[in-house]
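User: I'm new to this one and would love a friendly walk through it. Could you take a close look at one part for me, once you've set the scene?

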Amino acid sequence: LPESAEEKPKHGTVLAVGGAVMQDGAEVKAPVKKGDNVIYKKWGGNDFKVGEVEYQFLKFEDILATIK
């Protein structure tokens, strides 16, 4: 197996959620809400660092699961 097959997804807490998006002519609402703990694709989204704090901006499809 390639080395990338061994990489595990990441997890974090949702700090903010954007509005609904249009996809194939239908409105798709966010599958998560502020405060949810989620698992997301390792290579999903964009990193943004402010001081020592790192933020991850994700698309809905990069979120794999919500941790309950």
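What percentage of the 68 residues in the protein do buried residues make up? After that, please zoom in on the hairpin of E5 and E6.

Analyst: Buried residues make up 12% of the 68 residues, where buried means under 20% relative accessible area, exposed means over 50% and partly exposed is in between (1.4 Å probe, protein chains only). A quick word on ground rules: this is a predicted model, where local features need pLDDT of at least 70 and side-chain atom pairs count only at pLDDT 80 or more, while totals for chains, interfaces and linings use all residues. Residues are numbered from 1 along each chain as its sequence is written, and side-chain values use heavy atoms, with hydrogens and water left out.

Now the big picture. The protein has seven strands and zero helices; these are DSSP runs numbered from the N terminus, with at least two residues for a strand (E) and at least four for a helix (H or I). Take the contacts (heavy atoms within 4.5 Å) between residues at least 6 apart in sequence: 51% of them join residues at least 24 apart.

On to your hairpin. Strand E5 covers residues 46-50 and runs antiparallel to E6, with five bridges joining the two; strands count as paired if DSSP finds at least two bridges between them. Between the strands of this hairpin sit two residues, and Gly51 takes a positive phi near 65°. Val50 of the hairpin faces Val53 in E6, and Phe48 stands opposite Tyr55. E5 is hardly covered, by the way: of its five residues, the count of buried ones is zero. Phe48 itself is partly exposed, because its relative accessibility is 47%.

Phe48 also brings us to the rings. The count comes to one aromatic pair, using rings of Phe, Tyr and Trp (its six-membered ring) whose centres lie within 6.5 Å; planes under 30 degrees apart are stacked, over 60 edge-to-face, and the rest tilted. The partners are Phe48 and Phe57, with centres 6.2 Å apart and planes at 70°, so they meet edge-to-face.

Just past the other end of E6 (53-57) comes a loop leading to strand E7 (63-67), and that loop holds Asp62. Asp62 is buried but has no salt bridge, and the nearest side chain of opposite charge, Lys41, is 4.2 Å away. Here Lys and Arg count as positive, Asp and Glu as negative, and His and the chain ends are not counted. A salt bridge needs a side-chain nitrogen of Lys or Arg within 4 Å of a carboxyl oxygen of Asp or Glu. Setting aside residues up to four places away in sequence, Asp62 touches Tyr40, Lys41, Gly44 and Gly45.

So where does a salt bridge turn up? The structure holds one, and the partners are Asp36 and Lys33, whose closest N and O atoms are 3.1 Å apart. Asp36 counts as buried because its relative accessible area is 10%, whereas Lys33, at 51%, is exposed.

Finally, a look at Val32, which lies in the loop between strand E3 (26-28) and strand E4 (37-40). Val32 is buried because its relative accessibility is 11%. Beyond its neighbours within four places in sequence, Val32 is in contact with Val14, Val17, Val38, Ile63 and Thr66. Val17 is 15 residues away from Val32 in sequence, and their C-alpha atoms are 7.6 Å apart in space.
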